[in-house]
Amino acid sequence: MDKQNFTERNRRDIVAIATQHFAEKGYAGARVDEIAAATATSKRMIYYHFGSKDGLYRAVLTEAYRGIRSAELEAELGDLPPLAALERLTALTFDYHFNHPELVRLVMDENIRGGPHVGEISEGHNEIVLPKTQALIDRGIADGSFRAGLDAVDLHMTISALAFYFVSNRHSFHAIFGIDMTSEAAAERRRAQVIDNVLRYCRADA
């Protein structure tokens with residue numbers, strides 16, 4: 001199998017399978033031989049094309065972050081009034097985390113290990129999306145709908161944290177409170193609360 005054919009036929013499938021393994025078992029627990037066994041390739045071929053377990057893991061993180069960044073960029077926030085754009089951004093972020101729990105698990109594991117890989121991938125830095133968030137803030141302040149003093153990183157952190165927690169703590173909340181946080185009904189209820197909290201945080205008249 002030459003490199004071109006490998007890239008065309010196998011790379012996406014390998015990254016998808018590897019994502020499941022790294023998300024479920026963490027970096028330390030995931031085994032390249034098990035990933036290879038679940039795909040149409042070999043451990044040697046994975047090492048040849050990804051370089052190492054680290055290289056495969058970086059490819060997984062890249063795709064995971066690329067997904068959320070692409071969703072943020074495709075939101076077309078500039079076409080909406082600031083409050084409506086903020087509502088769309090918050091709902092989109094919440095829904096993406098809810099529908100992609102593997103992203104949450106990967107980020108949790110990366111943080112537990114001190115973030116050794118995420119700094120190495122450009123998608124993790126959010127250098128494209130943050131200026132758009134700042135532009136949204138600036139528009140909102142200019143038209144009087146947002147309060148002064150908002151910061152793009154702080155706003156990103158607030159929205160991400162509220163979306164992230166609903167997924168990261170779903171099992172403990174179910175065990176303690178009996179709440180099924182994987183259900184669409186629970187997600188719809190929580191999404192509305194998160195949107196309301198973010199809007200109240202930003203609104204000039206809150």
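Start at the second largest pocket of this predicted model, which holds about 310 Å³ of space. Select R12, V15, T19, E63 and A64: of the 16 residues that line this pocket, these are the closest to its centre. Then widen the selection to the helices around the pocket. At least two lining residues come from each of α1 (3-9), α2 (11-29), α5 (53-73) and α7 (101-112). Coloured by class, the lining of the second largest pocket shows six nonpolar, four polar and six charged residues.

**The whole chain**

Next, zoom out to the full protein chain. Eleven helices and zero strands make up its secondary structure, and the order of elements from the N terminus is α-α-α-α-α-α-α-α-α-α-α. The C-alpha trace spans about 60 × 40 × 30 Å along its principal axes.

**α2 and α7**

Return to two of the helices that supply the lining of the second largest pocket, α2 and α7. Two packed helices are described by the angle between their axes and the distance between the axes. For α2 and α7, the axes come within 9 Å and cross at roughly 40°. The angle makes α2 oblique to α7, and the crossing is left-handed. To display the contact, select T19, F22, A23, G26 and Y27 on the α2 side, together with E102, R105, L106 and D109 on the α7 side. By class, this contact of α2 with α7 comprises four nonpolar, two polar and three charged residues. T19 deserves a second look: this residue is part of the contact with α7, and T19 is also one of the residues closest to the centre of the second largest pocket.

**α5 and α6**

Now select α5, which also supplies at least two residues of the pocket lining, and add α6 (82-99). How are these two helices arranged? The axes of α5 and α6 lie 10 Å apart, and the helices pack at an angle of about 155°. The two are therefore roughly antiparallel to each other. The crossing in which α5 passes α6 is right-handed. On the α5 side of the contact, show A64, G67, I68, A71 and E72; their partners in α6 are L92, Y96 and H97. The contact of α5 with α6 has five nonpolar, two polar and one charged residues. Within this selection, A64 meets α6 and is also among the residues closest to the centre of the second largest pocket.

Follow the chain from α5 into the loop between α5 and α6, and select E76 there. Most residues other than glycine have a negative phi, and most peptide bonds are trans. E76 is not a glycine, yet its phi is positive, at about 55°.

**The largest cavity**

The next stop is an enclosed space. Rolling a probe the size of a water molecule over the atoms shows where empty space is left. The count comes to one cavity of 30 Å³ or more, and about 60 Å³ of space lies in the largest cavity. Which residues line the largest cavity? Select E72, L89, T93, T133, L155, H156, I159 and S160 to see the lining. Two elements, α6 and α9, give two or more residues to it. The largest share comes from α9, with four residues. By class, the lining of the largest cavity has three nonpolar, four polar and one charged residues. E72 lines this cavity and also takes part in the contact of α5 with α6.

**α9 and α11**

Finally, keep α9 (residues 152-168) selected and add α11 (residues 184-202): their axes come within 11 Å and cross at roughly 160°. That makes α9 roughly antiparallel to α11. The crossing in which α9 passes α11 is right-handed. From α9, display D154, L155, T158, I159, L162 and F166, which meet A186, A187, R190, V194, V198, Y201 and C202 in α11. By class, the contact of α9 with α11 has ten nonpolar, one polar and two charged residues. End the tour on L155 and I159: both meet α11, and both are listed in the lining of the largest cavity.

Methods. Residues are numbered from 1 along each chain as its sequence is written. This is a predicted model: local features need pLDDT of at least 70, side-chain atom pairs count only at pLDDT 80 or more; totals for chains, interfaces and linings use all residues. Side-chain values use heavy atoms; hydrogens and water are left out. Axes are lines fitted to C-alpha atoms, for helices over the stretch in contact, and angles run from 0 to 180 degrees between N-to-C directions. Angles under 35 degrees count as roughly parallel, over 145 as roughly antiparallel, 65 to 115 as roughly perpendicular and the rest as oblique. A crossing is left-handed if the near helix is turned anticlockwise from the far one by less than a right angle, and right-handed if clockwise. Contact means heavy atoms within 4.5 Å. Ala, Val, Leu, Ile, Met, Phe, Trp, Tyr, Cys and Pro count as nonpolar, Asp, Glu, Lys and Arg as charged, and the others, Gly among them, as polar. On a 1 Å grid over the protein atoms alone, a cavity is a set of points where a 1.4 Å probe fits but cannot get out, and a pocket is an open set with protein on both sides within 12 Å along at least five of seven lines; lining residues have an atom within 4 Å of a point. Grid points are joined across faces, edges and corners, and a volume is the space filled by probe spheres set on the points.
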